[in-house]
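Grab a pencil: here are a few short exercises, each with a worked solution. Have a look at the model before you start.

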Amino acid sequence: MDSRLESFLFGKSLNLSLRYLGYSVILMALFFGQLYLVGNSGMGNSFGLLMSPLGVTVSAIILAGIHTYRNDGILVSIAVAVIVISGFALYSVLSLNHPQPDYGLLTGVGGAMLYGVPIGIVSSTVAFALRRFGPSQSGVVSEEK
């Protein structure tokens, strides 16, 4: 595979891509764990907007966009968004009283892919365009003589 295509799909730095995948797994565990603990132990309310579908979506957009802006990995950004949203979607599977295997699989994994893939594509495209066509963030000011 061409190195430019590989960089565009997976990112310039494999270590940075793996770091953002790790961040997304941590966010998935936090979303799932917080919703699971609050829902099953009667501890009270969850943290409002952050644990709502909107909060999970915004955090997936931000994390996928930051990865694309810093590292150019479109496929990794899509995976980051799907992983973050799957924490919220998989909680809905376990919260069913009598889950059926087919319904649970379609609800959890399918729901995460249904919402995560478009979110990852849009956020990575916007971040890539901002990085490519936006003003340079260079700390060196060029002077014309």
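**Exercise 1.** What should the 19 residues of helix 3 span at 1.5 Å a residue, and how far apart are its end C-alpha atoms?

*Solution.* First, some ground rules: this is a predicted model, where local features need pLDDT of at least 70, side-chain atom pairs need 80 or more, and totals for chains, interfaces and linings use all residues. Residues count from 1 along each chain as its sequence is written, and side-chain values use heavy atoms, without hydrogens or water. Helices are DSSP runs (H or I, at least four residues), numbered from the N terminus. The expected span is 1.5 Å times one less than the number of residues, so helix 3 should cover 27 Å. Its end C-alpha atoms sit 27 Å apart, which agrees. Just past helix 3, Asp 72 takes a positive phi of about 65°.

**Exercise 2.** Find the helix that supplies the largest share of the largest nonpolar core.

*Solution.* Start with the term: such a core joins buried (under 20% relative accessible area, 1.4 Å probe, protein chains only) Ala, Val, Leu, Ile, Met, Phe, Trp, Tyr and Cys residues through side-chain atoms within 4.5 Å. The largest one has 16 residues, and Ala 60 is among those with the most contacts inside it. Helices 2, 3, 4 and 5 each supply at least two of its residues. Helix 4 wins with seven.

**Exercise 3.** Classify the ring pair Tyr 20 and Tyr 23.

*Solution.* Ring centres must lie within 6.5 Å; planes under 30 degrees apart are stacked, over 60 edge-to-face, the rest tilted. Here the centres are 5.5 Å apart and the planes at 85°, so it's edge-to-face.

Notes
Buried < 20%, exposed > 50% of the residue type's maximum accessible area, 1.4 Å probe, protein only. Phe/Tyr/Trp six-rings, centres within 6.5 Å; stacked < 30°, edge-to-face > 60°.
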